[in-house]
Amino acid sequence: MPDRAMPDWSDVPKWLLPRPTLEDREFWEGAGRGELRIQHCSSCGRYQHYARLLCSHCGKQTLAWVTASGEGTVYSFTVIRQNGVPPFDERVPFVVATVDLDEDGARLIAAMPALDPGEARIGMRVRAAFRRAGDEFGFVDFVAAG
Ligand SMILES: [Zn+2]
């Protein structure tokens, strides 16, 4: 396998910085601290991402923020091979995966910048990695586990 020249994903143009809402601010701040924050419902016991005012599984308001393990399994993925918009034009090809977290019910769509697209597999184990997004916030990426 050829060496994969890793583009610099630490460069975050201003227009890509998160603009948190009241609902999701905890997620972005948590990622800035290196924590994957998701919501847990005490009525049905399931988890969810993205943040909402109501549980997406049972409709109740009984939600609390918790820190997820950061571990999960790739449910599906795609390989981005073309993107004309900076800074993504310098990052292709890269993997974007839908990850089922180990916390039941929570699923994220995230980039996997360090993964060679040829190595991506449905069912592979992954864990969260964090990338700065300005002074306060962070992005959640995933890397292959183990
Ligand atoms: Zn619920």
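So, where is glycine 34 found? Glycine 34 sits in the loop between α1 and β1. Before I go on: this is a predicted model, where local features need pLDDT of at least 70, side-chain atom pairs count only at pLDDT 80 or more, and totals for chains, interfaces and linings use all residues. Residue numbers start from 1 along each chain, following the sequence as written.

On the labels: helices (H or I, at least four residues) and strands (E, at least two) are DSSP runs, numbered from the N terminus.

Back to our glycine. Is glycine 34 buried or exposed? Neither, quite: glycine 34 counts as partly exposed because it has 14 other C-beta atoms within 10 Å. The cut-offs there are 20 or more other C-beta atoms within 10 Å for buried, 12 or fewer for exposed, and partly exposed in between, with C-beta atoms placed from the backbone. The C-alpha atoms of glycine 34 and alanine 129 are separated by 7.7 Å, and these two are 95 residues apart along the chain.

Okay, sheets. Strands pair here if DSSP finds at least two bridges between them. One open sheet has five strands in the order β6-β5-β4-β7-β8, paired antiparallel. Its edge strands are β6 (107-112) and β8 (137-144), each pairing on one side only. On average, neighbouring strands in this sheet are turned by 40 degrees against each other, ignoring direction. For angles, axes are lines fitted to C-alpha atoms, for helices over the stretch in contact, and values run from 0 to 180 degrees between N-to-C directions.

Zooming in, β7 (residues 125-133) pairs with β8 over eight bridges, antiparallel, and arginine 132 stands opposite glycine 138 in β8. Lying across β7 and β8 is helix α1 (residues 25-33), which runs at about 65 degrees to β8. Contact means C-beta atoms, placed from the backbone, within 7 Å.

Then there's the other open sheet, three strands in the order β2-β1-β3, also antiparallel. β2 and β3 are the edges, each pairing on one side only. β1 (residues 37-41) and β3 run antiparallel, joined by five bridges, with arginine 37 opposite threonine 67 in β3.

Last bit, and one for the torsion people. Most peptide bonds are trans. Which peptide bond has omega near 5 degrees? That's the cis bond from histidine 49 to tyrosine 50, and tyrosine 50 lies in the loop between β2 (47-48) and β3 (63-67). Proline 86 and proline 87 are joined by a cis bond too, with omega about 0 degrees. Proline 87 is in the loop between β4 (71-80) and β5 (94-101).

Notes:
Two residues are in contact if their C-beta atoms, placed from the backbone, lie within 7 Å.
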